[in-house]
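Me: I'm new to reading protein models, and I'd like a close look at a single part of this one. Could you walk me through it in plain words?

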Amino acid sequence: MSTDSMYRLLVTIAVILGSIIYGFFINSLARRITARVQNRMGPPLKQPFIDVIKLYSKRTFVTHGIMQTLGPILMLTGIISTLILIPYGKGYLTLYSSNGDLITILYIMTFGQLAMALAVGQAGNPYGTIGVARGLTRMFGYELPLILALISLIALNHSADVNVIIANQHGGIANWNAFRHPFVGITALLAMLGMMSYQPFDNASAPAEVASGPITEFGGKFMAIMMTTNAMFVVAKLALLVDLFFGGASNIFILALKIFLLYLYPLFVGLVFPRFAMEDTFLFFWKWPTLIGFIGLAIAIF
Amino acid sequence: MGFSKLTETKVLLKQYFKDIISIEEGGEQRLIIDLQSKDITSMINHLKDFMDFKHLSMISCVDWPEENKFEIVYILTSYSKNIVLMLKTKIDRKNPKLQSIMSLWPQAVTYEIELNEMFGVFFEGNDRMGEEFILEDWDDIPPMRRDFDSLEYANKNFKFRDERKDKKIIREFISEHYDEWRKK
Amino acid sequence: MNVLRTIALILSLGFLSSILFYKIRELRNLSIIASLSVALGFVIKFFGIYTGIKRAFSYKDLFYFKFDAFSNFFVVLILGVGLLAILASWNYMKEKKGETFFYVFFMLTILGMVGLVYSRDMLSFFIGWEVMTMGSFLVILQSNEKDRFKFALRYFIISLIGAYSLLWSMFIIYNKVHSFKFSAFNSSVFTKGELTTLLITISIGFLIKAAIMPFHTWASGAYSRSPLTFTAFFSGAMSKMGIYGLFIFLYGSIGLSAIYKTGYNEFFQTSYFQYTLVWLGVITAFLGTLRAILSEDIRVMLAYSSVGQLGYMLIGIGLGSTLGLTATLFHVVTHGLFKTSLFIVVAAIIHRTGKTKFHELGGLINNMPIAFIATLISIITLAGIPPLGGFATKWLLYEAMIEKRMFFATAITMLASIGAFLYAYRLIQNLFLGQRKLEHDDVKPAPLTMQIAMLIPALGMVFLGFFPNLLIKYTNLFIELINIDFFKLGVKVTDTAFTNSYGYWNAFYLGSAVVIIFIVSTIYYNLQRRAKIYKIGQLDIYTAGEYVTRETPLNYSFNFYGFIFDSLKPAIKYSVTNFITRISKEFIALSDFVRRIYTGNGQHYAIFTMIFTIITLIYFLS
Amino acid sequence: MKTTKLYLGPQHPGITGNMMIELDVEGNKILKSKTHVGYLHRGFEKLMERRTYIQSFPIVCRICVPEPDVNENNYARAVEKLSGLEVPERAKWIRTMVLEMARLQSYLLWMGGQSGSMGLYTMPQWTIGDRDYLLDRFEELTGGRVYHLYVWPGGVRKDLPIGFKTRMLDLMDYLESRMKDYTKLMFENAIFKKRAIGTGVIPKDKALEWGVVGPVLRGTGIKHDVRIDEPYEIYDKLEFEVPTYEGGDIYSRALVRKFEFMQSISIIRQIMDKIPEGPIYNRIPNPFKWKIPKGYTYVKLESSRGEFGYFMASDGSEKLRRVNVRGPAYVHGISLLEKILPGSRLGDVSTILNSLGVCPPEMER
Amino acid sequence: MDDLKRPTLDSDFTCDMAFNKITKWAQKNSLWLLAYGTGCGAIELSPTMTSRYDWSRLGIRGSATPRQADLLLITGYLSTKTLKRVIRSYEQMQDPKYVIGFGSCTINGGMYYDSYNTIKQLDLYIPVDVYINGCMPRPEAVLSGLAYLKDKIGDKKADGWIKYKQNFEWYRENQKKILKSFNGDNMPDKYNW
């Protein structure tokens, strides 16, 4: 193990832990902001950390079978392997993104979701299965605009390597992808609403309709791992979107700031909109965002 | 203005139904009618179809153990005439039977199931009789009958907290001294 | 000794033994398996070696056969999948009504296919093709499904149409080139119009066998109504013959330059014909997946999923670049693997429970753990999730399409592969997870032979996931044989890293990374020692406080993706099958009208003849 | 079995209160729904037969939790009708004000529930937060936030505190201004409209026959309101309109409730201006020996969810023979729900339930 | 179906792990409350939840299912039918779990002392950690009750769930006296998760 790869390994571990902590930090900030909008105080900033420690200190864990125990572990694996493929900056911060391009990242994201879906299936709760079916339908919905945006990016930069895409966006804000190619940017932002599973599209885990959806049967330690993976997944997705559309970041702090600002967008949309019905969610993504996406792609090719 | 409508409906009902036991006005928009149990359904049909009593407010039952009778009360409202009509009929308490009016109003089913569970009144023509509506695994006699004492049932089934050492019934104590306290 | 003759001898021995020993089941099965495995071993041993063995065989300069990597690639697939299918059907077909004939016709189909693949001239190709279709038609009849005749007949008629269009194209070639040999074709002789008709007739013939969208109506019926272990072979290997046929006719004999002659487009650097092939593949992939998502019967869903996957292969061929061909060949192998394993799993389930609908099954994970593992690995490959082999095909295909600047097509194919993830999850959820029904409590695990037949492809997929470059070595062997300068921008394979101008992907590195992280997270998971883990029963779930019994139906499986169906309902009713059923109705109405003429009494016939004679007289006199 | 049995049971975040809807679901569509009640039954009608008239006064307001004043008012008027007790004029004005305040806070609670079930979590925070200011007024007037024990047979227990009028009028202006925000956030919200229009539709011709009452009936376009059909208290001296909207779906019911919310504010303003002076309470004889002659009466009033009636029978002793409460939820929650839910989507169950204003305790008392 | 071994009380409840202080602090400051309005007091929970009183300041959050909840509020009187569901929800909650009884109905039957359908004393059936008095306690009273519970958790006195496990037979015995259909097949005798 040459010093270079050892050093890169240490940086990766640091980035993974950092993304957990930063994910929780953003989550608690989001809770404070929603509380302020609803003119109330909101929980203290360290609340997500307290929740996870409490969940870990639970005394009994209940599982229905081997798959439900394996589910969270595989989900953690899926999320971490997505994280290491996304560049977080220059030099060692590009982690192992030299081993997988945009298509690999797009596909390895589904690994975590499949693991959780299987764990929910094993639990045998009808609410869980309905929640997963809804989540997958929503994914099937928002993937189309997302793919259109990514493919048009590949067409524009003549390469599927994320580092190359970042490199092409150097210079001022003017030539960030989101502004240089407006249509592609708008499609990606609309698709992002679906990815973040916030209010207008949180019918997978809607408490009123399907009691807390997929995580109905998960308590204690499984719920703790679910929350950490959720936090990491949010950071990973946002980092990817920042890299692709908002010019990546030279150092980690600018990246953190950009991630937080981008995170505010689905948050505020979610605060003022009720939930779509399931069919409308699916159709929403296949109507306007897809049209804009096609236009963006057409412009990108010709 | 409602007054004239009241007497007009009263006269109409009288000449339509010969053997009404009694019909009088209880309050300015209320009409109380007593009937035999056998022609209740025909009366209600007539009221609903011709006399525009479209809204069934309630079916209730009053228990008269001393006369050994259940008194079933149908409360109908006519929105156009603004009249609330209480149709009362007395049925035997030993095996209370009555014709169901399920076909007229769907919500009548719920009232009849409740009366069956609470009083034991049996409505023919309603297939959901005996269905568990409110009480679960109830083994005693229907609870709303007068001869069922709920305090004695509570003492038998539930254990009270035993700190009440003095066992004094506060209510009797207050009722005796109420008048002196008011004078002070 | 001539390699070809030995292989033919071994296989015909197997065929004969299936006829002679039909009484003794063990002997017959063992002899068939022996013959197949010996033949397979033989082919693998001499796969790439061309020196020192006689490998060509011709008869009366009409039938030419050749033994080289070009056809061995497919022969290995046929014999391998055939072996697994027969191994699985040892228990599956035991005591079933059509067992004896099942093996006979199965061997006949295999013989036809091997002959077809080794043939180097159109005549023997066509004979092998017919033997294969006939064999498979007869095997479908051996299953004990009620409505198997209707669907077998439909399959047979449509394949017949395909065969005739192939025959038509052969005659066009013959009367211009006067020889059936593939290599004897030179495009100068043909005019542009003739070339296009030639291409169209050939593609119709092969697209029918490969069940591509407009001609796919027979697929769901034939796949689901035939004995399931044979369907594993049917969709695992036989549907690839259409791809092989397209390949050998278009690139083997006609050649790229001739295709370009029929109209070339600079932007996409392909001919219009190939561009239509690509879009046919894309549409098949998308609509096949959509149809699979919304189907209720397990076998019908897997059938439509095969239709969808074949769409991917067609795209690869349509692109006409080395990367496209490697993607197709890679997908031929992976699809062969996971489809065989999935069909054998479903065969085992139906063998044990007798149920074929999603909503009748559920919670079989504890009864059939091996089947669960095999299905899990197959659906991960089906959905193309990185650590396993499925992702290699997806990556290669997308790189090839991007290389050819077909971006819209890439977008829709990617969406189709996400759709594949949807029905893959439904397959494993409704069969193995969820609440187990009362009557399935004592379901025994899959029979031993079936379990072996499931696990071998699963191991193959895992192996492919980590070392895809070994398969690339064989595909490159395949492509070098064709002396056409394809679009040279192939993929540079350095040990397990795939790099080409657009992107890169390192299979082994990613696979090992996932395994290491899995170990790390299990350690992280077991950090908490204090708590106790209780394994609880099936009914202890959150039911909003209510008490439930084993009879309450708690499985959510019917109309699983009802949302997609409701939102796409207006678009779904224009499906191809409705279109064909409408045509057939009008056809029946027409024939009913014509039938009225035969009224059955003499005077009418007399009048008709008299009128007829008068008309002809007038016609000739004037 | 094609269908899945889902229990939107007693412990379910989507259900308002403590009842159970047993659904047979196929995919996303509901085939059959059955409501199970009885989780909050404490046999309160039996208990009232064991208590004298004044003793059952504290029990009466605990029947329906979101709107206790409706029960108090009904019970008081029923006893007055049976015993022929007279109520002073000022007490009637105060009683009407209390009823209208109860309607306001119930509508605020409804707005929170309706939007919460649809996922708009900002709206409940706002509306239930503003409802609390109304509860402060109740606390000031009656001493209790939810259970007020204020309106009893013979009049009202306490007079208006000093300065109550100005504080109430300020609150009315505040609520009126807040309504603009609610309209922008909920009633005019595009997604709310998309989900509300056309779901949970009650056909206009069957509405009366199914026993639909209150805002739900007015939502189907039929104009009936107990305050106009049979004006009790001082409703004949006040000017207010009763809205009707066509469509019979969730959105038309929402508009009806929004319009009535504004009407209640104007009613309270009228009361505050024209309330006469005078005594507030006619003393009743010694409650333990107060015998009421034999008689039957049925008293009803317009609660925020519909016609709320009390059937009372007295038999001349100091305890009443029979009381039977007829709340709107009794019909809306059981027989009406079993007619609307089949055919609608699984996701809309709790939205429809909230739009019908179902309050489980009044279903099984 | 393997036979479930019921959670026996062994050392790990009492042993003092090194970071026990941190877990106590975490359990104290993050209480997830089961969304189950069992009685008439539930109406006072909504103002406590929303912007005016807002219990999320104390780190309390509602949870839809018993699996994630650690706090069960019995808000007011409890009819026998609801008691059966409360027992199932309570047993499905993960340890350590706490119960708060609202109002006088849970203490001695309250106003419905003579009703045939409500239980008179809650802690015969499930262990109760904190009682909040008041016939429907006000939001301030609810918050003070919750604060009191947090202190009790802080110094390890809130051990209702240990009591439930220790004398599980006694509780099951009382429950069976009232719930007639307890030993039906759908109501398993053992600790149903």
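In which sense do strand E1 of chain A and E8(C) pair, and over how many bridges? Please also tell me about the contact around them.

Reply: Happy to help! Keep in mind that this is a predicted model.

Let's start with your strands. Strand E1 of chain A covers residues 60–63, and its pairing with E8(C) is parallel, over 4 bridges. To find the place on your screen, look for Thr60(A), which stands opposite Lys532(C) in E8(C).

Now zoom out to the contact between the two chains. On one side are 76 residues of chain C, and they are in contact with 82 residues of chain A. The size of an interface is often given as the accessible area lost when the parts come together. Between chain C and chain A, the buried area is about 7,100 Å², and 77% of that comes from carbon and sulfur atoms.

What builds the side of chain C that touches chain A? Several elements each supply at least two residues: helices H11 (272–293), H14 (369–383), H15 (390–403), H16 (407–432), H19 (507–525) and H20 (562–572), along with strands E7 (504–506) and E8 (532–535), all of chain C. So your strand E8(C) is on that list, as the model shows. The most comes from H16(C), which gives 14 residues to this side. Sorted by kind, the residues on the side of chain C that touches chain A are 52 nonpolar, 16 polar and 8 charged.

Next, the links across the contact. Between chain C and chain A the count of salt bridges is 0. Polar contacts do turn up: 10 residue pairs across the interface of chain C and chain A, with both residues at pLDDT 80 or more.

Finally, how does this pair of chains fit among the others? There are 8 pairs of chains in contact, and of these, chains A and C share the most contacts. Chain B makes a good comparison. No contact joins chain B to chain A, and the closest C-alpha atoms of the two lie 25 Å apart. Chain B does not touch chain C either, with 13 Å between their nearest C-alpha atoms.

To gather it up: your parallel pair, E1 of chain A with E8(C), belongs to two chains that share the most contacts of the 8 pairs in contact. Try finding Thr60(A) and Lys532(C) opposite each other, then follow H16(C), which gives the most residues to the side of chain C that touches chain A.

Methods:
Residues are numbered from 1 along each chain as its sequence is written. Chains are lettered from A and ligands numbered from 1 in the order in which they are written. This is a predicted model: local features need pLDDT of at least 70, side-chain atom pairs count only at pLDDT 80 or more; totals for chains, interfaces and linings use all residues. Side-chain values use heavy atoms; hydrogens and water are left out. Contact means heavy atoms within 4.5 Å. Buried area is the accessible area (1.4 Å probe) that two parts lose on being put together, summed over both. A salt bridge is a side-chain nitrogen of Lys or Arg within 4 Å of a carboxyl oxygen of Asp or Glu. A polar contact is a pair of N or O atoms within 3.5 Å; within protein, one must be able to donate a hydrogen and the other to accept it, and residues adjacent in sequence count only if both atoms are side-chain atoms. Ala, Val, Leu, Ile, Met, Phe, Trp, Tyr, Cys and Pro count as nonpolar, Asp, Glu, Lys and Arg as charged, and the others, Gly among them, as polar. Two strands pair if DSSP finds at least two bridges between them.
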